[in-house]
Amino acid sequence: MSLFTDIRRLFMLSCEDVNDFIVEYLDGTLDDRTRRRFEKHIANCPACSTYLDQYRETVTLVKEEADADVPEPPEELVDATLDFLRQHYDDAAKNGAS
Amino acid sequence: MAPSSQHKPNDPPASGARSASDPLDVEAILSGDRRAFEHLVRKESPRLFRVIVRIIRDDDEAQSIMQETFLQAYQRLDTFRGDAKLTTWIYAIGINQARAALRKKRRTNPMEEADMERLQPSFNKGMYAEPPKEWDPQKMAERSERQRLVREAVDQLPENYRTVVILRDLEELSTAEAADILGISEGATRVRLHRARKALRSILASHFEDRAT
């Protein structure tokens with residue numbers, strides 16, 4: 001990042017800056033000053049506002065649809081895994097001894 | 001990582017039973033105590049299975065990979081350095097195994113980096129070169145169609161992008177936890193997640209955009 005960009009960001013954010021900050025904004029990890037400038041830009045920029053809405057909607061849709069898509073773990077999962085482990089715990093020791 | 005365990009009533013064994021909600025005894029696990037390790041298996045199996053099945057998209061193979069993951073973890077406990085949580089370390093083993101299995105199967109035909117680049121928004125003097133068009137609520141209303149589109153979009157992502165979406169957006173891990181599992185920095189994790197989400201938005205926009213706007 002250039003010194004010019006740093007100085008410019010002290011006063012105003014471009015649409016590209018706002019886009020770069022979206023993850024941190026949604027994670028709540030932007031510092032207060034940058035968050036206020038981010039929100040001020042969004043309030044005055046239809047393109048960034050629309051983009052942010054669609055970005056959020058994308059995350060929501062992926063979560064909703066993926067949750068609907070994944071099967072519940074099989075009931076025997078834990079028991080089958082423990083059986084498997086009990087049969088193989090000592091494999092490494094045997095291999096190591098050979 | 002602090003995955004929430006899904007306690008099933010038949011989880012605990014008859015003898016020396018621990019409830020799945022009991023805390024892990026990491027010290028005992030690291031000393032090779034099988035009972036303590038099996039408590040970890042009971043606690044973490046449902047969630048680890050879910051993460052793996054999201055990557056590999058095959059229940060039977062996911063179960064097999066998960067079992068191998070726990071076995072490898074147990075056999076390699078002496079290599080655990082304590083940089084991350086023990087559960088994070090085990091998830092990293094499982095996810096790496098799932099990713100390797102996925103690459104071997106080559107069932108999907110994921111995009112390449114150049115395709116990902118094409119799906120990123122472009123800017124001209126700091127402004128959107130093409131401002132986003134509104135999405136048509138009617139096009140988004142049909143649930144089965146929407147589900148298909150979203151699934152196809154996620155499946156198209158290159159595997160390293162898909163995995164970060166699974167960890168952050170589906171499993172809701174923190175950036176730090178996802179970074180530990182992926183073996184990359186938190187900054188790189190955020191960049192990868194952002195690129196993945198932007199690509200997904202772009203793919204969905206091609207279906208949902210209101211052509212009239």
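How much accessible surface does chain A have, and what percentage of that surface belongs to carbon and sulfur atoms? In this predicted model, the accessible surface of chain A comes to about 5500 Å², and carbon and sulfur atoms account for 52% of that area. For chain B, the exposed area is about 10200 Å², with 46% supplied by carbon and sulfur atoms.

The secondary structure of chain A consists of seven helices, with zero strands, and its elements accordingly read α-α-α-α-α-α-α from the N terminus. Chain A has 98 residues, of which 42% count as buried. When contacts in chain A are restricted to residues at least 6 apart in sequence, 48% of them join residues at least 24 apart.

Chain B contains ten helices and two strands. Along its sequence, the elements follow the order α-α-α-α-α-β-β-α-α-α-α-α. Of the 213 residues in chain B, 51% are classed as buried. Among the contacts of chain B that link residues at least 6 apart in sequence, 68% connect residues at least 24 apart.

Helix H3 of chain B spans residues 59-75. H3(B) comprises 17 residues and extends 24 Å from its first C-alpha to its last, close to the 24 Å expected at 1.5 Å a residue. The buried residues of H3(B) include B:Ala62, B:Ile65, B:Met66, B:Phe70, B:Leu71, B:Ala73 and B:Tyr74. B:Gln63, B:Gln67 and B:Thr69 are likewise buried in this helix. The packing partners of these buried residues come from both chains: helix H6 (77-88) of chain A, and H2 and H4 of chain B.

Helix H4 of chain B, formed by residues 86-105, has 20 residues. The distance from the first C-alpha of H4(B) to the last is 29 Å, close to the expected 28 Å at 1.5 Å a residue. Because 15 of its 20 residues are buried, H4(B) is largely enclosed by the rest of the structure.

H4(B) also packs with helix H8 (residues 159-170) of chain B, at an angle of about 145° and with the two axes 11 Å apart. The crossing of H4(B) with H8(B) is right-handed. On the H4(B) side, the contact is made by B:Ile95, B:Arg99, B:Leu102 and B:Arg103. The H8(B) side contributes B:Glu159, B:Asn160, B:Arg162, B:Thr163 and B:Leu167. By residue class, the contact of H4(B) with H8(B) comprises three nonpolar, two polar and four charged residues. An α-helix has 3.6 residues a turn, so residues three or four places apart point the same way.

Several residues of this contact are also touched by B:Leu182, a residue of helix H9 of chain B. With residues up to four places away in sequence left out, B:Leu182 touches B:Arg99, B:Thr163, B:Val164, B:Leu167 and B:Arg192. The C-alpha atoms of B:Leu182 and B:Val164 are separated by 8.0 Å, although the two residues are 18 residues apart along the chain. B:Leu182 has a relative accessibility of 13% and therefore counts as buried, a class that requires a value under 20%.

B:Ile184 occupies the loop between helix H9 (175-182) and helix H10 (186-208) of chain B. At 23% relative accessibility, B:Ile184 is partly exposed. Its contacts, again without residues up to four places away in sequence, are with B:Ala179, B:Thr189 and B:Arg192. B:Arg192 is thus touched by B:Leu182 and by B:Ile184.

Two loop residues of chain B have positive phi angles. B:Arg57, which is not a glycine, has a phi of about 60°. B:Arg57 is located in the loop between helix H2 (34-56) and helix H3 (59-75) of chain B. The relative accessible area of B:Arg57 is 25%, which makes this residue partly exposed. B:Lys125, also not a glycine, has a positive phi of about 55°. B:Lys125 lies in the loop between strand S1 (123-124) and strand S2 (127-128) of chain B. With a relative accessibility of 80%, B:Lys125 counts as exposed.

Methods:
Residues are numbered from 1 along each chain as its sequence is written. Chains are lettered from A and ligands numbered from 1 in the order in which they are written. This is a predicted model: local features need pLDDT of at least 70, side-chain atom pairs count only at pLDDT 80 or more; totals for chains, interfaces and linings use all residues. Side-chain values use heavy atoms; hydrogens and water are left out. Helices (H or I, at least four residues) and strands (E, at least two) are DSSP runs, numbered from the N terminus. Buried means under 20% relative accessible area, exposed over 50%, partly exposed in between (1.4 Å probe, protein chains only). Contact means heavy atoms within 4.5 Å. Accessible areas come from the Shrake-Rupley method with a 1.4 Å probe; for residues, only the protein chains shown count as cover. The expected span of a helix is 1.5 Å times one less than its number of residues. Axes are lines fitted to C-alpha atoms, for helices over the stretch in contact, and angles run from 0 to 180 degrees between N-to-C directions. A crossing is left-handed if the near helix is turned anticlockwise from the far one by less than a right angle, and right-handed if clockwise. Ala, Val, Leu, Ile, Met, Phe, Trp, Tyr, Cys and Pro count as nonpolar, Asp, Glu, Lys and Arg as charged, and the others, Gly among them, as polar.
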